[in-house]
Amino acid sequence: MSNSYQQMIFVNLATEDVAASGKFFTELGYTINPQFSTDDCACVVISDTIIAMLLGKKRYADFTEKEIADSTRSSEVLICLSAESREKVDELVEKAVAAGGTVTGKTQDYGHMYGRAFDDLDGHTWEVMWMDPAAVQG
C-alpha cells in the first residue's frame, strides 16, 4: 500500500429511527454529511477515516440476506474508538449518556490503558479507549 493512501472504515449499522440516531451522534460532537444522507440513512463523520452509516432497517436489508440482529438483545459488533486522554474517554461517555445512551460494561483501568463503553439508542456498543503512547511504543 502507498504511504499516501488513507484506508477508511465505513461501519454500517441498522437503526430503528434514522433521525433520532443521527441526532444522538451530533450530540456527541460528530457531524452528519448531508451529501451521503437520506431519510433512510445518516452518514456520521467520526473522523477523516471513520464513517458510521446509520441505516434504517429496510435500507440495511438491501445489503444483506442475513437476518438483522436485534442489537438491544444480542451483540453483533463491538466498535472501539480511541481517545486522546482518560478525560476524553469520560467526556464522550458522559455525552452519550446525556444524549440518551446507556453505560455498558465496567470501566477498564490498567494504568497505561483506560476505557469505558456505552450503548447507543439501538443498543450498539461503542467502546472508548485511551492508551498511554509510551506503553504502545514499547
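## Close-up views of a predicted model

**View 1. Strands E2 and E3 side by side.** E2 and E3 run antiparallel and are joined by 2 bridges. Keep in mind as you look around that this is a predicted model. To find a matching pair of residues here, start at Ile-32: its bridge partner in E3 is Val-44.

**View 2. The hairpin of E3 and E4.** Let us follow the chain from E3 into E4: these strands form a hairpin, with 4 residues between them. Strand E3 covers residues 41–45 and strand E4 covers residues 50–56; the two run antiparallel, and 5 bridges join them. Two pairs are good places to look. Val-44 stands opposite Ala-52 in E4, and Val-45 has Ile-51 in E4 as its bridge partner.

**View 3. The open sheet and its edges.** Now step back to see how 4 strands make up an open sheet, ordered E1-E4-E3-E2, with mixed pairing. Which strands stand at the edges? They are E1 (9–15) and E2 (31–32); each has a single partner strand, so one side of each is left without a neighbour in the sheet. Helix H1, residues 18–27, packs on the sheet and touches E1, E2, E3 and E4. The direction of H1 makes about 155 degrees with that of E4.

**View 4. How E3 sits in the structure.** Is E3 largely enclosed or left open? Count its residues to find out: 4 of the 5 are buried, so E3 is largely enclosed by the rest of the structure. Each buried residue has under 20% relative accessible area.

**View 5. The two faces of strand E5.** Here we turn to another strand, E5, made of residues 78–82. Its covered face holds Ile-79 and Leu-81, while Leu-78, Cys-80 and Ser-82 belong to the uncovered face. E5 pairs with strand E8 (residues 125–131) in the parallel sense, over 5 bridges. You can pick out one contact point of this pairing at Ser-82, whose bridge partner in E8 is Met-129.

**View 6. Glu-67 in its loop.** Where along the chain is Glu-67? Look in the loop between helix H2 (57–61) and E5. Is Glu-67 buried or exposed? A residue counts as exposed when its relative accessible area is over 50%; Glu-67 has 77% relative accessibility, so it is exposed. For a sense of distance, find Thr-31 as well: Glu-67 and Thr-31 are 36 residues apart along the chain, and their C-alpha atoms are separated by 29 Å.

Conventions
Residues are numbered from 1 along each chain as its sequence is written. This is a predicted model: local features need pLDDT of at least 70, side-chain atom pairs count only at pLDDT 80 or more; totals for chains, interfaces and linings use all residues. Side-chain values use heavy atoms; hydrogens and water are left out. Two strands pair if DSSP finds at least two bridges between them. Contact means heavy atoms within 4.5 Å. Axes are lines fitted to C-alpha atoms, for helices over the stretch in contact, and angles run from 0 to 180 degrees between N-to-C directions. Buried means under 20% relative accessible area, exposed over 50%, partly exposed in between (1.4 Å probe, protein chains only).
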